[in-house]
Amino acid sequence: MEKKTNSWKLKEIILAAMICIVFGVVYLAGVYLSSFIATALTPAGLSPLGNEIVFGVWFMAATLAGYILQKPGAAIVSEVIAAVIEVLLGNWFGPMVIVAGIIQGAGAELVFAAYRYKKFNGGVMYLAAAASCVTSFLWSFVRSGYGQFSVPFLVLLFVIRLISSLIFAGLICRLIGDGLAKAGLLKGYELGRRHE
Amino acid sequence: MKSLNPGYKLLTLIIASLLLSVTFHIRLNLIIAAGCLLVTFCTPGVNRRRLLLGLLPFFLAALGMFTAGLYFGADGGNQGVEVTMFGQRTLYASNLTTALQLSSRILAYGGLGMLYAFTSNAFELVMSLMQQFHLPPKFAYGILAAYHFFPVVREEYGIVGAALKARGVKAGPVSTKRLFPMLVQAMERSESLAMAMESRGFQDDAPRATAFRTRVRPADFCFLFGLNGLITAGLLFL
């Protein structure tokens with residue numbers, strides 16, 4: 001049996017990148033939906049809500065890769081890989097996405113690190129998702145100028161983003177991770193070994 | 001634009017965006033957006049139709065931020081002109097400034113993003129990150145390998161959707177029912193991809209020869225300091 005190491009193996013990197021690609025495609029599908037909602041809400045001034053609804057999908061790469069690989073840096077590295085891939089694909093917001101990736105990944109990473117990469121259960125996954133949500137929201141203050149909005153509107157935005165993060169990055173990622181492990185696909189990774 | 005080193009160009013534009021994100025300067029934002037789009041538009045070899053199409057979501061996003069800022073902006077003392085729109089809301093002039101600040105910034109980011117996206121090449125960026133910014137080769141080639149699967153995965157998304165439909169299963173665009181089969185594929189693919197690379201002699205620590213070299217020229221530094229210098233000057237003097 002392989003020992004748990006902190007250095008990255010090629011297959012782990014490709015796994016993380018592949019997860020990012022899958023979520024990239026899914027996010028793209030979500031974006032069409034959300035921009036439709038956003039445009040529909042524009043006359044009411046609620047258009048940022050459309051973006052917040054699918055925001056949780058952004059963190060899925062971080063929490064799922066963190067859950068499967070269970071090693072220091074997994075969450076932040078995969079979120080940055082996701083951002084680099086976004087840039088490679090020609091994302092409109094281009095270069096800024098990389099900074100956002102670092103900040104979002106750092107949120108989940110902090111939670112995993114707080115448990116010394118030893119504890120990975122439902123609660124920790126929800127915490128990680130929520131932490132990514134909080135760091136990304138702080139980043140929104142800088143990047144999108146959320147400080148210019150009034151407080152009740154900010155609370156509304158935050159609650160929607162939090163719900164989205166908990167559902168997508170917390171609940172769904174955990175279900176998927178456990179499902180993949182049960183299907184016997186993760187034998188070479190930390191999560192699969194725990195399920196044996 | 002196209003001959004600049006992609007890694008340094010990325011760095012330049014990240015710094016430029018960060019400079020803009022800590023300030024609220026409407027006129028400068030608009031100048032940058034217009035300037036970047038003009039440069040992108042005039043660069044030879046850029047697909048101009050795609051550029052114009054790509055602008056549409058930006059204007060929609062900017063418009064969205066504009067109305068959001070208009071209705072839900074933090075009140076700056078409530079003085080100024082009152083305007084009634086849609087017969088039900090009272091708006092203040094301070095909110096109009098907020099709205100302009102938020103939406104002009106989206107346009108400026110858009111300009112910088114487009115400038116990058118339309119003049120750079122994915123492969124060259126990864127090579128430059130590896131050669132100039134010391135990204136370890138296993139990350140560089142791992143990312144590239146996965147990146148090239150993007151079209152396959154996108155096709156797969158449609159196939160999984162069709163398969164679900166054929167079985168009469170209802171699944172939304174981001175449903176687990178779609179995600180799970182795609183991730184199963186991703187796991188298997190990543191494992192065989194890694195094995196294929198390693199069995200063909202890919203080693204991270206072995207000395208490598210580079211077939212494709214990205215160079216750093218003085219022009220890259222000119223762009224780095226020039227653009228950010230101009231933005232700083234604009235913030236100070238405009």
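**Salt bridges, helix packing and a nonpolar patch**

Author: A:E52 and A:R161 form a salt bridge, with their closest N and O atoms 2.5 Å apart. The pair links distant parts of the chain, 109 residues apart: A:E52 is in helix α2 (residues 48-53) of chain A and A:R161 in helix α7 of chain A. This is a predicted model, where local features need pLDDT of at least 70, side-chain atom pairs count only at pLDDT 80 or more, and totals for chains, interfaces and linings use all residues. Residues are numbered from 1 along each chain as its sequence is written, chains are lettered from A and ligands numbered from 1 in the order in which they are written, and side-chain values use heavy atoms, leaving out hydrogens and water.

Reader: Why is the contact of A:E52 and A:R161 called a salt bridge?

Author: The rule asks for a side-chain nitrogen of Lys or Arg within 4 Å of a carboxyl oxygen of Asp or Glu. The value here is 2.5 Å, so the pair qualifies. The count over all chains is 6 salt bridges.

Reader: What makes A:E12 and A:K71 a link between distant parts of the chain?

Author: Their side chains meet in a salt bridge, N to O 2.8 Å. A:E12 is in helix α1 of chain A, A:K71 is in the loop between α3 and α4 (74-88) of chain A, and 59 residues separate them. Helices here are DSSP runs (H or I, at least four residues), numbered from the N terminus.

Reader: Are A:E12 and A:K71 buried or exposed, and how do you know?

Author: Buried means under 20% relative accessible area, exposed over 50%, partly exposed in between (1.4 Å probe, protein chains only). A:E12 has 6%, so it is buried. A:K71 has 3%, so it is buried as well.

Reader: Which helices hold B:R189 and B:E156?

Author: These two side chains form a salt bridge at 2.8 Å, N to O. B:R189 sits in helix α8 (residues 176-199) of chain B, and B:E156 in helix α7 (residues 150-166) of chain B. Both are buried.

Reader: How are helix α1 and helix α3 of chain A oriented, and how do you know?

Author: Helix α1 (residues 10-41) and helix α3 (residues 55-69) of chain A pack at about 155°, axes 9 Å apart. Angles under 35 degrees count as roughly parallel, over 145 as roughly antiparallel, 65 to 115 as roughly perpendicular and the rest as oblique. Therefore α1(A) is roughly antiparallel to α3(A).

Reader: Why are α4(A) and α6(B) called oblique?

Author: The axes of α4(A) and helix α6 (residues 137-147) of chain B come within 11 Å and cross at roughly 55°. That angle fits none of the named ranges, so the two helices are oblique.

Reader: What makes the phi of A:R116 noteworthy?

Author: Most residues other than glycine have a negative phi. A:R116 is not a glycine, yet its phi is positive, near 55°. A:Y117 also has a positive phi, about 55°. A:R116 is exposed at 62% relative accessible area, whereas A:Y117 is buried at 14%.

Reader: Why does A:I167 count as partly exposed?

Author: A:I167 has 41% relative accessibility, so it falls between the two limits. A:I167 belongs to a nonpolar surface patch whose residues together have about 670 Å² of accessible area. Patch residues have over 30% relative accessible area and no salt bridge; like charges are joined within 9 Å, nonpolar side chains (Val, Leu, Ile, Met, Phe, Trp, Tyr) within 5 Å. Areas come from the Shrake-Rupley method with a 1.4 Å probe; for residues, only the protein chains shown count as cover. Helix α7 (residues 151-182) of chain A gives the most to the patch, with 7 residues.

How values were computed
Axes are lines fitted to C-alpha atoms, for helices over the stretch in contact, and angles run from 0 to 180 degrees between N-to-C directions.
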